[in-house]
Amino acid sequence: MTIAYAALHAHLRYRHEDTGLYVAAFADGRMFFSRFQPRLYDRQARPIPTREVLPGSYVNISYAIERGLKMMEAVQLVEEPAEISPFDPILDDGHL
């Protein structure tokens, strides 16, 4: 699933107020919530330190449904978006 917005490293803030929730929203409109910071894993399913997950990242979510809400338990970071460089590549013409 492709992330549209994620608040996994810090609580979601709404109108400058802390909601006390961690959130992952996807490009297709699905949303997942958690009252506790979800564990973050790399593509080999190894734990990694919690950090910001950028929009465009591809992730898997482990979750449970509680009272109709999809509650996150863990997030696997499968692929991050490629960073677009502001520079053009310099071709090696053999003189460098």
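Select R67 to begin. In this predicted model, R67 is exposed, because its relative accessibility of 78% is over the 50% cut-off. R67 sits in the loop between β8 (58–66) and β9 (69–79). Check its backbone as well: phi of R67 is positive, about 50°, although the residue is not a glycine.

Next, select H16. Where does H16 lie? Its place is the loop between β2 (13–14) and β3 (17–18). H16 has a positive phi too, near 65°, and is a residue other than glycine. The relative accessible area of H16 is 74%, so H16 is exposed.

Now move into strand β9 and select M71. Is M71 buried or exposed? M71 counts as buried because its relative accessibility of 8% is under the 20% cut-off. Show the residues around M71 to see what covers this part of the strand. Leaving aside residues up to four places away in sequence, M71 touches F33, S34, R35, S62, Y63, A64 and E66. Then add Q37 to the selection and draw a line between the two C-alpha atoms. M71 and Q37 are 11 Å apart in space by that line, and 34 residues apart in sequence.

Select β4, residues 22–26. How many of the five residues of β4 are buried? Five of the five are, so β4 is largely enclosed by the rest of the structure. Turn the view to look along the strand and follow the side chains. Y22, A24 and F26 point one way from β4. V23 and A25 point the other way, and these residues are buried on both sides.

Keep β4 on screen and add its partners. Strand β5, residues 31–34, pairs with β4 in the antiparallel sense over four bridges. Two of the bridge partners can be picked out by name. Y22 is matched with S34 in β5, and A25 is matched with M31. S34 is also one of the residues that M71 touches.

Follow the chain from β4 to β5. These two strands form a hairpin, with four residues between them. Select G29 in the turn: its phi is positive, about 100°.

Now add β1, residues 3–7. Which sense does the pairing of β1 and β4 have? The two strands are antiparallel, paired over four bridges. Select I3 and look across to β4, where F26 stands opposite.

Finally, clear the selection and show the whole protein as a cartoon. There are nine strands and zero helices, and from the N terminus on every element in the run is a β. The C-alpha trace spans about 65 × 35 × 25 Å along its principal axes. The radius of gyration is 17 Å, whereas a compact globule of 96 residues would have one near 12 Å.

Switch to a surface view for the last stop. The protein exposes about 7,200 Å², and carbon and sulfur atoms supply 55% of that area. Buried residues make up 26% of the 96 residues; M71 is one of them. Colour the surface by charge to find 10 positive and 13 negative side chains. The centres of these two sets lie 14 Å apart. For contacts with a separation of 6 or more, 46% come from residues 24 or more positions apart.

How values were computed:
Residues are numbered from 1 along each chain as its sequence is written. This is a predicted model: local features need pLDDT of at least 70, side-chain atom pairs count only at pLDDT 80 or more; totals for chains, interfaces and linings use all residues. Side-chain values use heavy atoms; hydrogens and water are left out. The radius of gyration is taken over C-alpha atoms; the globule rule is 2.2 Å times the number of residues to the power 0.38. Buried means under 20% relative accessible area, exposed over 50%, partly exposed in between (1.4 Å probe, protein chains only). Contact means heavy atoms within 4.5 Å. Accessible areas come from the Shrake-Rupley method with a 1.4 Å probe; for residues, only the protein chains shown count as cover. Lys and Arg count as positive and Asp and Glu as negative; His and the chain ends are not counted. The place of a charge is taken as NZ of Lys, CZ of Arg, CG of Asp or CD of Glu. Two strands pair if DSSP finds at least two bridges between them.
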